[in-house]
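This report is meant to be read alongside the sequence and the structure shown below. Please keep both in view while following the text.

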Amino acid sequence: MISRCMPKIEISEEVLDYIQKHKNEDESESEFLMRLFKSAENDISRKILFIGPPEAGKSSIRLVFFDDKKPKSLLDDPIEPTRGIENYMYNWLDVKTGIADSSGQEINRWLNQDREMVFKETDSIIFVFDVSQFAENYQEICEKIAKALQRKTKLAPRASFSIFLHKIDLLPEEKKENMLKTIKQKINAYLTSQNLKKEMLLITYYATSIKGELILNLYKSMRSILYPYSNVIKNAILPSIEE
Ligand SMILES: Nc1nc2c(ncn2[C@@H]2O[C@H](COP(=O)(O)OP(=O)(O)OP(=O)(O)O)[C@@H](O)[C@H]2O)c(=O)[nH]1
Ligand SMILES: [Mg+2]
């Protein structure tokens, strides 16, 4: 057996207290520390890209979901348009979430061929647009979605691709369901016409808003995207097969 003579490490009272408080009864101090180091090694880090036309609501979604900002304040007192790509780091459950919040005014730059970094190593792409603007800007929105989908296929083939049909609070209640269905059909028809049918099948649509009770839709949508990355959720849902 190989034995190693380790230099002694002084541990402060505070650290010692922490170990005593958190280690399992039958666990030695060094076993506890190894468990801690290993869990740090397994930290999950994910990159999510928010992309879409100007004023779609991308930054508002980020602020409401990750920063607990009050939707009312964002609706009454809108924030400045994003410039360039703003990067943020959030801890969501056990998932370190890097958010790239891109400027809608510069969307053509992000979709350009020479900007590979925008899509590269991305785990989730969330394309956000304002549903109340769809009829007016149908062609442009569809073109941008098609381009984003092509960039994803080339640069981040394993990433998920979601479309947020955002600001559904602006649609008339009685027509909402029909309008959302039509919007999805039109996008899919456009993508099919562009020979993107195979890629189209990977899109998940979400109808979202930060207004009133509809905020629950937004939370649900964001959680659906993030859950697959969380070991906490996986362990909670799937029964352990270990003896
Ligand atoms: N009615 C309504 N307005 C919203 C909603 N979400 C955001 N807004 C408003 O939409 C406007 C644009 O919001 P932003 O979050 O700045 O949009 P953005 O997509 O980040 O815009 P850029 O940074 O320019 O690309 C603001 O006036 C927000 O208050 C929503 O769910 N419903
Ligand atoms: Mg923004």
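## The surroundings of ligand 1

In this predicted model, ligand 1 is surrounded by 24 residues, and those that come nearest to the ligand are G57, P78, P81, T82 and G104. Two elements, α3 (58–67) and α4 (71–76), each give two or more residues to this shell, and the greatest contribution is that of α3, with 3 residues.

By class, the shell around ligand 1 consists of 9 nonpolar, 10 polar and 5 charged residues.

## How α3 meets α10

Helix α3, which gives the most residues to the shell around ligand 1, also meets helix α10 (residues 215–226), and the axes of the two helices come within 11 Å and cross at roughly 80 degrees. Because angles of 65 to 115 degrees count as roughly perpendicular, α3 is roughly perpendicular to α10.

On the side of α3 the contact is made by I61, V64 and F65, while α10 brings I215, L218, Y219 and M222. The contact of α3 with α10 has 7 nonpolar residues, with no polar and no charged ones.

## The chain as a whole

The chain holds 11 helices and 6 strands. Its radius of gyration is 23 Å, well over the 18 Å that the globule rule gives for 243 residues, and the chain is therefore more spread out than a compact globule. Taken along the principal axes, the box that the C-alpha atoms fill is roughly 75 × 40 × 40 Å.

Of the 243 residues in the chain, 28% are buried. Where contacts join residues at least 6 apart in sequence, 74% of these contacts are between residues at least 24 apart.

Note on methods:
Residues are numbered from 1 along each chain as its sequence is written. Chains are lettered from A and ligands numbered from 1 in the order in which they are written. This is a predicted model: local features need pLDDT of at least 70, side-chain atom pairs count only at pLDDT 80 or more; totals for chains, interfaces and linings use all residues. A residue is near a molecule or strand if its C-beta atom, placed from the backbone, lies within 6 Å of it. Helices (H or I, at least four residues) and strands (E, at least two) are DSSP runs, numbered from the N terminus. Ala, Val, Leu, Ile, Met, Phe, Trp, Tyr, Cys and Pro count as nonpolar, Asp, Glu, Lys and Arg as charged, and the others, Gly among them, as polar. Axes are lines fitted to C-alpha atoms, for helices over the stretch in contact, and angles run from 0 to 180 degrees between N-to-C directions. Angles under 35 degrees count as roughly parallel, over 145 as roughly antiparallel, 65 to 115 as roughly perpendicular and the rest as oblique. Two residues are in contact if their C-beta atoms, placed from the backbone, lie within 7 Å. The radius of gyration is taken over C-alpha atoms; the globule rule is 2.2 Å times the number of residues to the power 0.38. A residue is buried if 20 or more other C-beta atoms lie within 10 Å of its own, exposed if 12 or fewer, and partly exposed in between; C-beta atoms are placed from the backbone.
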